[in-house]
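Reader: I am new to this one and would like a guided tour. Could we go through it together, one question at a time?

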Amino acid sequence: GRGGGSPLWLSVTEHPAEIFVCFLTAAAWCASCWVFVIFPPTLYEHLMDPPLSYRLSAPPHPHPHPHPSPSEGGSEFDLDLAEAGLEGGEYQAASRAVWMMHTLLCLFQVCVLVFAGWLGDRFGARRVMGAGGVLLGVCAVPALHGMGSGSALAAAAGQATLAVCAAFVGATLPYTMVTSFPVAIRYNCLAIGYNAAQALFGGTAGIVATLLYSSTQWAGAVGVYLGVLGLLSAVGVYQTARLQRRREMESEIRRLSFTL
């Protein structure tokens, strides 16, 4: 027959539900990685007044003399920078502080990933991942709103919250997916489900986040998107547990039938 008995064909024809569940389970992690690491620079330019884009598009004059007005040939950006008191080294120091905060929060997520993995070993990987999906569904909107609020404290708190939620989803994701499939076809099912989620949600996260933010001018809109994906991942985790129990039950029935 078509495809014969190849593992790829068996994966697609006999385990479509498991592949789809794997796809759902990985959705939140694929999108949240991009939003957590790459998207903050878009939001954090507004932590400084004037925004970082002013600095990039029209650098202030390096000399200490008063800035000429626009009517005298100067730039409106020069005036804004002078009024804000952010010239040269002062502005660069403020910029470095913002990116240092971002870097430290990325390192913080690494620590949370390790801690969430330990919790998965102690209390169950699916429980931890399911809790992460629910937390992401509940906390993504306020977290992204804080990141785009223009307050450094709110931004740090929001990104730290997002770090915890995403880490709880991602730390036990490999174990959850691996144990969802029979050993003989595990690699093929994971390759299809995870790569499809990475392409659809991870690959388009930048486009979706940028469109949502630019059209609404509210960072929380990106949080709504992440929150929905988090809840979908929680549903996927619940379904993996159901599928595993059903597979174990069928295996036990076959074993008893053979014995009898």
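Reader: In which helix do F115 and W118 both lie?

Author: Happy to start there, with the reminder that this is a predicted model. F115 and W118 are 3 residues apart, about one turn of the helix. The helix that holds both spans residues 88-123, and its name is α6.

Reader: Are the rings of F115 and W118 stacked or tilted?

Author: The ring centres of F115 and W118 lie 6.0 Å apart, and the planes meet at 25°. Planes under 30 degrees apart count as stacked. The angle of 25° is therefore what makes this pair stacked.

Reader: What does W118 count as, given its relative accessibility?

Author: Its partner F115 has a relative accessibility of 44%, so F115 counts as partly exposed. Partly exposed covers the range between under 20% and over 50%. W118, at 46%, therefore counts as partly exposed.

Reader: How many aromatic pairs does a search of the whole structure find?

Author: F115 and W118 make a pair, and so do F23 and F201, whose ring centres are 5.4 Å apart with planes at 40°, so that pair is tilted. F20 joins F23 and F201 in one aromatic cluster. For the whole structure, the number of aromatic pairs is 5.

Reader: How many residues apart in sequence are the parts that F23 and F201 tie together?

Author: F23 belongs to helix α2, while F201 belongs to helix α10, which covers residues 186-202. Because the two rings pair across these helices, they tie together parts of the chain separated in sequence by 178 residues.

Reader: Is F201 buried or exposed?

Author: The cut-off for buried is under 20% relative accessible area. F23 has 15%, so F23 is buried. F201 has a relative accessibility of 12%, so F201 also counts as buried.

Reader: Which helix gives the largest share of the largest nonpolar core?

Author: The largest nonpolar core has 47 residues, and those with the most contacts inside it are L43, Y44, L144, L162 and F201. The largest share amounts to 12 residues. The helix they come from runs over residues 16-37 and is α2.

Reader: Which residues does L43 touch, not counting those up to four places away in sequence?

Author: L43 is among the residues with the most contacts inside the largest core. In soluble globular proteins, nonpolar side chains tend to be buried together. With close sequence neighbours left out, the residues that L43 touches are L144, M147, G148, Y213 and A219.

Reader: Which side chain makes a polar contact with the side chain of Q159?

Author: Q159 sits in helix α8, residues 152-171, and at 0% relative accessibility Q159 counts as buried. Beyond four places in sequence, Q159 touches F36, P40, Y44, H102, L105 and M147. The polar contact, at 2.9 Å, is with the side chain of H102.

Reader: What separates the C-alpha atoms of G130 and S233?

Author: G130 is part of helix α7, residues 125-147, and its 14% relative accessibility makes it count as buried. Leaving aside neighbours within four places in sequence, G130 is in contact with A234 and V237. G130 and S233 are 103 residues apart along the chain, yet the separation of their C-alpha atoms is 7.3 Å.

Reader: Which residue has a positive phi although it is not a glycine?

Author: Look in the loop between α11 (205-216) and α12 (220-259), where Q217 lies. Q217 is exposed, with a relative accessible area of 59%. The phi of about 55° belongs to Q217.

Reader: How many strands does the protein chain have?

Author: From the N terminus on, the elements run α-α-α-α-α-α-α-α-α-α-α-α. The chain has 12 helices, and its number of strands is 0.

Reader: What is the mean pLDDT of the protein chain?

Author: Values vary along the chain: over residues 58-70 the pLDDT is below 50, and over residues 73-82 pLDDT stays under 50. Across the chain, 74% of residues reach 70 or more, and the mean pLDDT is 80.

Methods: Residues numbered from 1 in each chain as written. Heavy atoms only, no water. Core = buried A, V, L, I, M, F, W, Y, C linked by side-chain atoms within 4.5 Å. Buried < 20%, exposed > 50% of the residue type's maximum accessible area, 1.4 Å probe, protein only. Helix = DSSP H or I, 4+ residues; strand = E, 2+ residues; numbered from the N terminus. Contact = heavy atoms within 4.5 Å. Phe/Tyr/Trp six-rings, centres within 6.5 Å; stacked < 30°, edge-to-face > 60°. pLDDT = per-residue confidence, 0-100. Polar contact = N/O pair within 3.5 Å; in protein donor to acceptor, adjacent residues only side chain to side chain.
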